[in-house]
Structures are given as C-alpha cells and as structure tokens.
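Student: Can you walk me through this one? I'd like to get a feel for the fold and the pockets.
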Amino acid sequence: MIPWITGWALSVLAAGGGGSDAAPVSLTEAREFPSAQAGKTLRFVVQFDRLVESWDPLMTRFAPEEWVAFSAWADESFTWEPAVFRRPFARLFVAADSRLVPALERAERFRRFEVEGVCRAVLGGDPWFEVQHLTPLEEFVGEGTLVTIQRASEALQQGRFEIAFDLLERAKLGPLPAHARDGIDRLKASFETERLRWLDRRRASDPARGRILR
C-alpha cells in the first residue's frame, strides 16, 4: 500500500536559481523532438520510478561520480500498460551535491513531480536533462490502482465481466489526476466492446441459446 502525501511533499524543491523561463512541454513531446530541446529549460510532469544505479555518460557531462540519475514515466502515459511500464525514461540527472538528492532518495515510486530542467545533450535519440527543480504533486496513480486494473484485465479474459467492471470502478477511488481517470474510463469502454464481442461469439456458436444474462 502506498502512503499518502508526507509533509515534505507539498513544498517546492530547488537546486538553486530561478526557473521562471521554463517552457511547459510534455515529456512525450520532448522525446519525440529531442533536437528541438537542446539547450532549453523545460517544465514537465513525470511519475517517479527509481534511482538509476549505473549508466554510460557517453559524451555528456553526466559522469556517475558527479551526478545522481533517476528514471520516470511521462505523466501523460498510463503505467498500467505493460509496454509503458517496462520502459521508463532514464535521462534525468541531479548534481550529486544538490539538495534534491535526499528528496529523490525518499521519494515513493509512482509519485508525480513537476520537473524543471535544462536539456544539456541529445544522444541516443533522447534528450538528457539536468534537473534543477522538483515540485511534488498530490495526485498520483499508485501501485494499488495498477494492481486493481491488472486484476480487472484478468477477470475480462476469464469472461467475468461484472467483476472486471467493478474492479475498474474501484481503481478510480485513489487520488488520481484527471487524465488517469479519463484513461480508466476509456479502458472501461474497451472492456464493454470486448464483452459485446464475447456475447456475439457465444450466440454464433449456439444460435438456440437465446438471451444471455450478464
């Protein structure tokens, strides 16, 4: 179970300097057009994954002995999708002597942060960010939501539709951001489509079956 917001989590954490010139962008957009981000100060929201233990700095300034790296998912992506969950973004760096480091060390997985940082390099098709500010956000898609959606998907595959729909409604009970709630609603609509297809297949295989109760 993921705890609720702690006292530190509603404050703005900064590594120093101002960030008023940061351009708002989604991480997805920044990754789609990385060359356009070079040298820019950007602001976007992420879902925290974990600290990165090791990496190859390539030709960048981000030597492991001088920086702390962390991985995260784009806020606009849905971590309940397996392809998304397996591939968090890992080009986010904080100076090793920054006061952001202790905050990241105690950050809970899936917690949302507004990130403000400078794109210092573009390598391997990705922008590499020096993170200068972090603003923890109250709403997030926690582990409980992900587990509940997973169970709903399993119930759907087993043809237990009432249970699947009930689980999706339960998944919306947490402190979710609005776009995540909308995503679950779209998932529910796809479940309904699958339910109707399942009913059609049953009727086609046994036309005499008649009306099938939900």
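Tutor: Sure, and one bit of vocabulary before we start: Ala, Val, Leu, Ile, Met, Phe, Trp, Tyr, Cys and Pro count as nonpolar, Asp, Glu, Lys and Arg as charged, and the others, Gly among them, as polar. Also keep in mind that this is a predicted model.

Student: Okay, so how do the residues lining the largest pocket divide up?
Tutor: Eight are nonpolar, four are polar and five are charged.

Student: How much space lies in that largest pocket?
Tutor: About 390 Å³. There are 17 lining residues, and the closest to the pocket centre are Trp80, Glu81, Pro82, Leu146 and Gln150.

Student: Which elements give two or more residues to the lining?
Tutor: Those are helix 2, covering 82-85, and helix 4, covering 143-157. Helix 4 provides the largest share, with eight residues.

Student: Let's zoom out. How many helices and strands are there in the protein?
Tutor: Six helices and seven strands. Going along the sequence, they come in the pattern β-β-α-β-β-α-β-α-β-β-α-α-α.

Student: And what share of the residues is buried?
Tutor: Of the 214 residues, 45% are buried.

Student: What about contacts between residues at least 6 apart in sequence?
Tutor: Within that set, 67% join residues at least 24 apart.

Student: Last one: how much accessible surface does the protein have?
Tutor: It comes to about 11700 Å², and carbon and sulfur atoms account for 51% of that.

Key
Residues are numbered from 1 along each chain as its sequence is written. This is a predicted model: local features need pLDDT of at least 70, side-chain atom pairs count only at pLDDT 80 or more; totals for chains, interfaces and linings use all residues. Side-chain values use heavy atoms; hydrogens and water are left out. Helices (H or I, at least four residues) and strands (E, at least two) are DSSP runs, numbered from the N terminus. Buried means under 20% relative accessible area, exposed over 50%, partly exposed in between (1.4 Å probe, protein chains only). Contact means heavy atoms within 4.5 Å. Accessible areas come from the Shrake-Rupley method with a 1.4 Å probe; for residues, only the protein chains shown count as cover. On a 1 Å grid over the protein atoms alone, a cavity is a set of points where a 1.4 Å probe fits but cannot get out, and a pocket is an open set with protein on both sides within 12 Å along at least five of seven lines; lining residues have an atom within 4 Å of a point. Grid points are joined across faces, edges and corners, and a volume is the space filled by probe spheres set on the points.
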